[in-house]
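Please consult the sequence and the structure shown here together with the briefing beneath them.

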Amino acid sequence: MLVIIGLLVAGVLTGQDLILAAKIRATTSQYRSYNTAANAFYNKYNNYPGDIPSSLAEAFGFSYVAGGNAAQGDGDGYIGTSTSMASAEGIMFWADLFQANLIPNALTYLPVGSWGVTDAVAASIPTLFPISKLGSNNYFWAATFTDGSNYFAIGPLLTFNASSGTQGPSMSAAQGLSAIMAYDIDVKIDDGVPNTGIIQSINTSLGGTASLVQNGSVNSCINALNAGAYSGGTTAQSKVPACQLRLRFN
């Protein structure tokens with residue numbers, strides 16, 4: 001009987017590992033497809049999606065931010081602004097990619113025509129941003145971080161400020177990826193290190209890369225004793241949702 005129970009438990013654990021591995025593969029494929037789409041858009045329109053000037057977007061038949069609104073696309077190369085990771089450009093990013101037939105429409109709402117700029121809140125997040133194949137309320141979003149580079153990010157969005165101010169997008173207090181998930185995504189695409197390369201851990205404040213120490217608890221994403229590693233310590237710690245990731249356009 002004990003042998004049978006052991007085999008059943010082993011089978012369940014193996015099944016869970018296979019499911020997680022499939023989610024990781026699907027998420028890395030999402031990133032690659034969105035990265036390819038953003039580059040294709042730039043090559044065709046000489047602007048990144050969302051950042052394309054509103055007058056040009058209108059001429060190409062894309063949705064655009066109403067004229068005179070400070071949050072409209074400005075063609076400066078930033079998804080947002082150089083000082084803010086949230087703006088209407090970050091919302092229009094996905095609308096532009098879909099309307100350019102570069103990504104499938106998995107969203108239930110897209111700004112249409114002349115958009116008057118509305119913040120994305122909890123109820124509208126699922127309609128404006130693609131959900132990660134990881135699930136668990138993790139979404140893909142795009143923004144310029146404080147190092148001046150454009151990134152995709154994966155995390156559990158709560159709100160996304162559409163104005164052109166300095167407020168960043170509010171994320172859930174609990175991070176959305178475990179250290180195992182973050183490491184597996186990183187090592188499949190990049191170097192497997194949380195603070196170098198094109199994929200990096202981001203902290204709760206979203207001010208840039210995470211500190212080279214733990215972010216306040218034993219379950220944070222970066223190992224306090226080895227800043228070049230994702231947090232582990234114990235199996236339980238490595239499975240706690242403690243991470244968000246940014247994935248650079250390339």
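The briefing covers model confidence, the disulfide and the internal cavity.

This is a predicted model, in which local features need pLDDT of at least 70, side-chain atom pairs count only at pLDDT 80 or more, and totals for chains, interfaces and linings use all residues. Residues are numbered from 1 along each chain as its sequence is written, and side-chain values use heavy atoms, with hydrogens and water left out.

**Confidence**
- The mean pLDDT (the predictor's confidence in each residue, from 0 to 100) is 79 for the protein, and 76% of its residues reach 70 or more.
- Over residues 205-218 the pLDDT is below 50, yet this stretch has 36 contacts (heavy atoms within 4.5 Å) in the model beyond near neighbours in sequence.
- Where pLDDT is low, the predicted coordinates should not be read in detail.

**Disulfide**
- The structure holds one disulfide (a pair of cysteine sulfur atoms within 2.5 Å), and this bond joins Cys221 to Cys243 with an S to S distance of 2.0 Å.
- The disulfide is right-handed, because the torsion about the S-S bond of Cys221 and Cys243 is about 100 degrees.
- Both Cys221 and Cys243 are buried, that is, under 20% relative accessible area (1.4 Å probe, protein chains only).

**Cavity**
- The count comes to one cavity of 30 Å³ or more, where a cavity is a set of points on a 1 Å grid over the protein atoms alone at which a 1.4 Å probe fits but cannot get out.
- The largest cavity has a volume (the space filled by probe spheres set on the points) of about 50 Å³.
- Its lining residues (those with an atom within 4 Å of a point) include Gly50, Ile52, Tyr64, Met92 and Asp96.

Key:
1 Å grid on protein atoms, 1.4 Å probe; cavity = no way out; pocket = protein on both sides within 12 Å on 5 of 7 lines; lining within 4 Å. Buried < 20%, exposed > 50% of the residue type's maximum accessible area, 1.4 Å probe, protein only.
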